[in-house]
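Reader: I would like a close look at one part of this model. Please keep to what can be read from the coordinates.

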Amino acid sequence: MPNKTKVIAFANNKGGSGKTTAAANVGYSLSLKGKKVLLVDADMQMNLTLSFFDEEKVMEFASGSCNIYRAVTDRLPFEDCIVKTAYKGLDIIPSSTLMSSMEFKLFKEKEREFCLAKGLAPVIESERYDYILIDSPPTLGCLVLNILTASDYVIMPVEASPWGLFGVANMFEFLESAKEFNDSLSLLGILITKVNTRKNYYKQTLENLKATPGVRVFDTVIRIDSEVEWAQDNSMPVAAYKKSARSGAEYMELSKEVMRLCR
Ligand SMILES: Nc1ncnc2c1ncn2[C@@H]1O[C@H](COP(=O)(O)OP(=O)(O)O)[C@@H](O)[C@H]1O
Ligand SMILES: [Mg+2]
């Protein structure tokens, strides 16, 4: 029997591709659909945590014991590190700036590829959540390997820019290596983000990706929308910040695709 809880990693080694924005807004959209969602912020930049809390609160998480760094390195029960957001059905395990030393910490661990998976296992077994969404740093090291080992699916955001595809081959190769540790891992799809419909980069990026064998590209694309940054500046998901925001509707469409595909 597959687990009730689906674990989805948002990963791409290219920074600025829209991983964190997608994790926050897909999480929020799924919660609006009545799903129970846990976000896990695994990036030392703490941007996913900042998407829901102000800087003062985020720094409190960073230096306290309620974060993913403490959970993994002190082997705390992950359940104890879960924090409620302002939104019903949407919880988060915050990150910490200490995640900058996570690669080194993991290096010394036994079965170092599975530290995150082991910590998340009781949360998955409790069936408390429908979805666990993990936001990744823009790297391809042991931490991201841990994230992929703990996940059922990967969503890979790719920016529709001339350089958006640079490094995609490395990411594909890394996914294949991760499958050696987790044979149930699959690429749910590539998400084209930050599309400027007046430029053709978008079409070029999309065509190049669609030509890649075995790769699904989500039907929904996320266009550039200045409301995204306003919402982030206010530590809110975009649809909560402004109901009529175009990108909010796009993330909702994407979430419906995700619900259909994760079976
Ligand atoms: N649809 C969008 N429209 C406008 N800006 C966006 C959009 N999506 C993301 N951004 C901005 O692009 C930057 C990178 O996005 P982010 O989600 O942080 O990427 P990553 O997590 O991959 O580094 C952020 O400043 C964010 O505000
Ligand atoms: Mg990010």
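Which helices each supply at least two residues of the shell around ligand 1? Please start there and follow the part into its surroundings.

Author: The model is a predicted one. Helix 1 (19-32) and helix 10 (226-233) are the helices that each contribute at least two residues to the shell around ligand 1. That shell has 18 residues, of which S17, K19, T20, T21 and V228 come nearest to the ligand. By residue class, the shell around ligand 1 consists of 10 polar, 4 charged and 4 nonpolar residues.

Helix 1 can be taken next. Helix 1 is 14 residues in length, and the distance from its first C-alpha to its last is 20 Å, close to the 20 Å expected at 1.5 Å a residue. A residue counts as buried if 20 or more other C-beta atoms lie within 10 Å of its own. By this criterion 14 of the 14 residues of helix 1 are buried, so the helix is largely enclosed by the rest of the structure. Just after helix 1, G34 has a positive phi of about 85°.

Strand 2 (residues 37-41) is enclosed in a similar sense: 5 of its 5 residues are buried, so the rest of the structure largely surrounds strand 2 as well. The burial applies to both faces of strand 2, with V37, L39 and D41 on one side and L38 and V40 on the other.

The neighbours of strand 2 are strands 4 and 5. Strand 2 runs parallel to strand 4 (residues 90-93), and 4 bridges join the two. In this pairing L39 has I92 of strand 4 as its bridge partner. Strand 5 (residues 131-135) is also parallel to strand 2, joined to it by 5 bridges, and here L38 stands opposite I132.

Strand 5 in turn pairs with strand 1 (residues 6-10), again in parallel and through 5 bridges. Within that pair, F10 of strand 1 lies opposite D135 of strand 5.

These pairings belong to an open sheet of 7 strands with mixed pairing, in the order 3-4-2-5-1-6-7. At its edges are strand 3 (83-84) and strand 7 (186-193), each of which pairs on one side only. Towards the strand 7 edge, helix 9 (residues 201-210) lies across strand 6 (153-159) and strand 7, and runs at about 165° to strand 7.

Technical notes. Residues are numbered from 1 along each chain as its sequence is written. Chains are lettered from A and ligands numbered from 1 in the order in which they are written. This is a predicted model: local features need pLDDT of at least 70, side-chain atom pairs count only at pLDDT 80 or more; totals for chains, interfaces and linings use all residues. A residue is buried if 20 or more other C-beta atoms lie within 10 Å of its own, exposed if 12 or fewer, and partly exposed in between; C-beta atoms are placed from the backbone. Two strands pair if DSSP finds at least two bridges between them. A residue is near a molecule or strand if its C-beta atom, placed from the backbone, lies within 6 Å of it. Ala, Val, Leu, Ile, Met, Phe, Trp, Tyr, Cys and Pro count as nonpolar, Asp, Glu, Lys and Arg as charged, and the others, Gly among them, as polar. Two residues are in contact if their C-beta atoms, placed from the backbone, lie within 7 Å. Axes are lines fitted to C-alpha atoms, for helices over the stretch in contact, and angles run from 0 to 180 degrees between N-to-C directions. The expected span of a helix is 1.5 Å times one less than its number of residues.
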